[in-house]
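Here are my notes on this one, written as numbered points. Keep the structure open next to you and look up each residue as you go.

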Amino acid sequence: MVEPALPFQSWRKYQIALGGVIAAAWLILIALSATPYAALLHHGETEATHHFPLALRWTAFLAGWALMVLAMMLPGDAAMIKSSLGAATNARGSRARKLLAFGLGYLGVWLLFGAALYGGD
């Protein structure tokens with residue numbers, strides 16, 4: 001397997017940043033689960049949250065879903081992101097812009113899936 005063309009310092013910064021995002025997502029989810037609004041984060045809890053406005057239920061669920069994606073799915077996809085970041089180093093254009101586009105697309109697909117789940121409940 002060919003390693004992406006990331007200098008060691010860039011790879012180290014990537015690991016620290018990715019670890020920070022994952023840890024922050026977990027900490028926020030743990031903190032939110034201790035609040036009276038924890039039921040808003042779960043798509044199976046529509047009966048317990050029916051007294052909240054619909055817009056708040058959707059927003060809270062999708063925000064929680066995004067945090068769960070960052071906490072649970074991102075660690076498994078770190079190698080794919082690393083490869084994309086390495087490829088962006090050699091391609092024309094800004095690496096940061098390509099990583100941002102990748103991240104928004106990645107999270108966008110997961111948010112659409114989460115919205116479909118919540119809408120199905």
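1. Let's start with the lining of the largest pocket. Sorted by class, it has 15 nonpolar, 2 polar and 2 charged residues. Bear in mind that this is a predicted model, so everything here is computed from predicted coordinates.

2. Now the pocket itself. Its volume comes to about 470 Å³. It is lined by 19 residues, and those closest to its centre are Tyr14, Leu18, Val21, Ile81 and Leu99. Try clicking on these five first.

3. Which helix gives the most to the lining of the largest pocket? That would be H4, with 9 residues. Helix H1 (8-33), helix H3 (78-90) and helix H4 (95-120) each bring at least two residues to the lining.

4. Stepping back to the whole protein chain, you'll find 4 helices and 0 strands. Read from the N terminus, the order of elements is simply α-α-α-α. The chain has 121 residues, and 25% of them are buried. Take the contacts between residues at least 6 apart in sequence: 69% of these join residues at least 24 apart.

5. Next, the largest nonpolar core. It holds 11 residues: Tyr14, Leu18, Ile22, Phe61, Trp65, Val69, Leu74, Ala78, Ile81, Tyr106 and Tyr118. H1, H2, H3 and H4 each supply at least two residues of this core. Some names should ring a bell: Tyr14, Leu18 and Ile81 belong to this core, and they are also among the residues closest to the centre of the largest pocket.

6. Val69 is a good core residue to zoom in on. It lies in helix H2. Is Val69 buried or exposed? Its relative accessibility is 3%, so it counts as buried, because the cut-off for buried is under 20%. Leaving out residues up to four places away in sequence, Val69 touches Leu74, Tyr106, Leu107 and Trp110. Two of those partners, Leu74 and Tyr106, are listed in the core as well. You can also check the distance from Val69 to Gly114: they are 45 residues apart along the chain, with 9.7 Å between their C-alpha atoms.

7. Arg57 deserves a look too. It sits in helix H2, which covers residues 54-73. Don't let its charged class fool you: Arg57 has 15% relative accessibility, so it counts as buried. What lies 3.1 Å from a polar atom of the Arg57 side chain? The backbone oxygen of Phe52 does. Setting aside residues up to four places away in sequence, Arg57 touches Leu40, Thr49, His50, Phe52 and Tyr118. Tyr118 is 61 residues from Arg57 along the chain, yet their C-alpha atoms are separated by 9.7 Å.

8. Last one: Phe102, in helix H4. At 25% relative accessibility it counts as partly exposed, because that value falls between the 20% cut-off for buried and the 50% cut-off for exposed. Apart from neighbours within four places in sequence, Phe102 is in contact with Met80, Ile81 and Ser84. Ile81 is 21 residues away from Phe102 in sequence, and the C-alpha to C-alpha distance is 8.2 Å. Ile81 is the one to keep an eye on, as it turns up in the core list and in the group closest to the pocket centre.

How values were computed:
Residues numbered from 1 in each chain as written. Predicted model: local features only at pLDDT ≥ 70, side-chain atom pairs only at ≥ 80, totals over all residues. Heavy atoms only, no water. Buried < 20%, exposed > 50% of the residue type's maximum accessible area, 1.4 Å probe, protein only. Polar contact = N/O pair within 3.5 Å; in protein donor to acceptor, adjacent residues only side chain to side chain. Contact = heavy atoms within 4.5 Å. 1 Å grid on protein atoms, 1.4 Å probe; cavity = no way out; pocket = protein on both sides within 12 Å on 5 of 7 lines; lining within 4 Å. Points joined across faces, edges and corners; volume = space filled by probe spheres on them. Core = buried A, V, L, I, M, F, W, Y, C linked by side-chain atoms within 4.5 Å.
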